[in-house]
Amino acid sequence: MTTTPSSAQQLRTRTLGRSGPSVTAPALGCMGMSGAYGPTDDEESVRVIGRYLDAGGNLLDTADFYAAGHNELLISRALRDRNRDDVVLSVKFGAVLTPGGRVGGFDGRPAAVRHSLAYSLVRLGTDHVDVYRPARLDPAVPIEDTVGAIAELVEAGYVRHIGLSEVSSATIRRAAAVAPISDLQIAYSLLSRGIEDDILSTCRELGIAVTAYGVLGNGLIGGSSPDHGARAAFPRFQGANLKHNVALVAGLQSIADAKGATPAQIAIAWAAAQGEDIVPVVGARRIEQVHSMIGSVGVSLDQDDLATIEELVPRGAVRGDRYPPEHMRDLDSEH
């Protein structure tokens, strides 16, 4: 049984921190539309974006390096006949790609910031980006320099708000000392709760929202196959780890049945219930997936429900890192 969207149902409206825009939750993550998790269909992807926007959604999350610009071009196509002011575009930049599409590092130099945005504006077919953020910390460039360059783009009108992604509390504080930060995009889910140690409290102290990606554990919650795309290399999807993790999240079925929902909808609702400053970012590449994420808004979790979920999927119970070792090293948030 699945909670499906109704005409009376509306997505939540939340604000990205003290300085950011009003957005809808869940947000639509667009990475999977560009082949990250297996074959995709551009026509279906355009319909997915349209269905999300027609349901009242406004926050689209992308990156200039998703399939080397393909994702931005896809979004531009989906928005061609829509009012630009009705959409909040959140764009990550900085990944340096090889011709084969692999990430070979990150470039946070001010010149690279300006260069990346110039290309994104053309691909997206817009004159501004609503939230612009480095995808990862460039260890060779002070975060003050990177954020300072974005702040100049804000002043020039090409960017509306500044975001961060996967950085530590110390880096957040240094960045916020340069310019207002709207939100931190970071993995936060039933299976990835490291930000509860200190990153979340730092964001709340500074008035910075959290756009939480990976709320479905890269597909572990919801039954996605690890046989396609990048997931096959993730430690959580390998061998004994996968067997353990599948059994772990299977416990969510009981509460999902009680709520007339799916385990995926329970996981999205759990993330949304962690605070008004949390905006789940949920990836979708098929119409039924966007219907599921919209339907999650109708799932209400009280304190007893949250306690039951905690018993079913305790913090730290998942096995395996969320990325391969070489990608974990890129995460300032994990250091």
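Buried means under 20% relative accessible area. Keep that cut-off in mind as we walk through this predicted model.

Q: Is R14 buried or exposed?
A: R14 is found in strand β1, which spans residues 12-15. Its relative accessibility is 5%, and the cut-off for a buried residue is under 20%. R14 therefore counts as buried.

Q: Which residue offers a backbone oxygen that the side chain of R14 reaches?
A: Start with what R14 touches beyond four places in sequence: P21, S22, V23, A25, A272, G275, E276, I278 and V279. One of these has its backbone oxygen 3.1 Å from the side chain of R14. That residue is A272.

Q: What distance separates the C-alpha atoms of R14 and L331?
A: Along the chain, R14 and L331 are 317 residues apart. In space, the separation of their C-alpha atoms is 27 Å.

Q: Which residue has a side chain joined to that of R133 by a polar contact?
A: R133 lies in strand β8, residues 129-134, and counts as buried because its relative accessibility is 1%. Leaving out residues up to four places away in sequence, R133 touches residues including S90, V91, K92 and F93. A polar contact of 3.0 Å links the side chain of R133 to that of S90.

Q: Which residue has a side chain in polar contact with that of S120?
A: S120 sits in helix α3, residues 110-124, and counts as buried because its relative accessibility is 0%. Apart from neighbours within four places in sequence, S120 is in contact with D64, E72 and V91. The polar contact between side chains, at 2.6 Å, is with E72.

Q: Why are D305, L306 and I309 on the same side of α11?
A: Helix α11 covers residues 303-312, and D305, L306 and I309 are buried there. They lie on the same side of α11 because they cover an arc of only 100 degrees. On the other side, the exposed residues are Q303, D304 and E311. So the value that explains the shared side is an arc of only 100 degrees.

Q: Which residue caps the N-terminal end of α11?
A: Look for a side-chain oxygen 3.1 Å from the backbone nitrogen of D304. The residue that supplies this oxygen is D302.

Q: What do the buried residues of α10 pack against?
A: In helix α10, residues 287-295, the buried residues are V290, S292, M293, I294 and G295. Helix α9 also appears among the elements that cover the buried residues of α11. For α10, the packing partners are β3, α1, α9 and β12.

Q: Where is the cis peptide bond that has omega of about 5 degrees?
A: Most peptide bonds are trans. One of the two residues joined by this cis bond, P26, is found in the loop between β2 and β3. The bond joins A25 and P26.

Q: Is E166 buried or exposed?
A: E166 is placed in the loop between β9 and α5. E166 has a positive phi of about 50 degrees although it is not a glycine. With a relative accessibility of 0%, E166 counts as buried.

Q: What is phi of A67 near?
A: A67 lies in the loop between β4 and α2, and counts as partly exposed because its relative accessibility is 41%. Most residues other than glycine have a negative phi. A67 is not a glycine, yet its phi is positive, near 55 degrees.

Q: What is the volume of the largest cavity?
A: Rolling a probe the size of a water molecule over the atoms shows where empty space is left. A search of the whole structure finds three cavities of 30 Å³ or more. The lining of the largest cavity divides into four nonpolar, five polar and two charged residues, among them Y188, N218 and R236. Its volume is about 60 Å³.

Q: Which residues are closest to the centre of the second largest pocket?
A: The second largest pocket has a volume of about 340 Å³. Its lining divides into eight nonpolar, seven polar and nine charged residues. Of the 24 lining residues, the closest to the centre are S192, R193, G194, I195 and E334.

Technical notes:
Residues numbered from 1 in each chain as written. Predicted model: local features only at pLDDT ≥ 70, side-chain atom pairs only at ≥ 80, totals over all residues. Heavy atoms only, no water. Buried < 20%, exposed > 50% of the residue type's maximum accessible area, 1.4 Å probe, protein only. Helix = DSSP H or I, 4+ residues; strand = E, 2+ residues; numbered from the N terminus. Arc of directions from axis to C-beta. Contact = heavy atoms within 4.5 Å. Polar contact = N/O pair within 3.5 Å; in protein donor to acceptor, adjacent residues only side chain to side chain. 1 Å grid on protein atoms, 1.4 Å probe; cavity = no way out; pocket = protein on both sides within 12 Å on 5 of 7 lines; lining within 4 Å. Points joined across faces, edges and corners; volume = space filled by probe spheres on them. Nonpolar A, V, L, I, M, F, W, Y, C, P; charged D, E, K, R; others polar.
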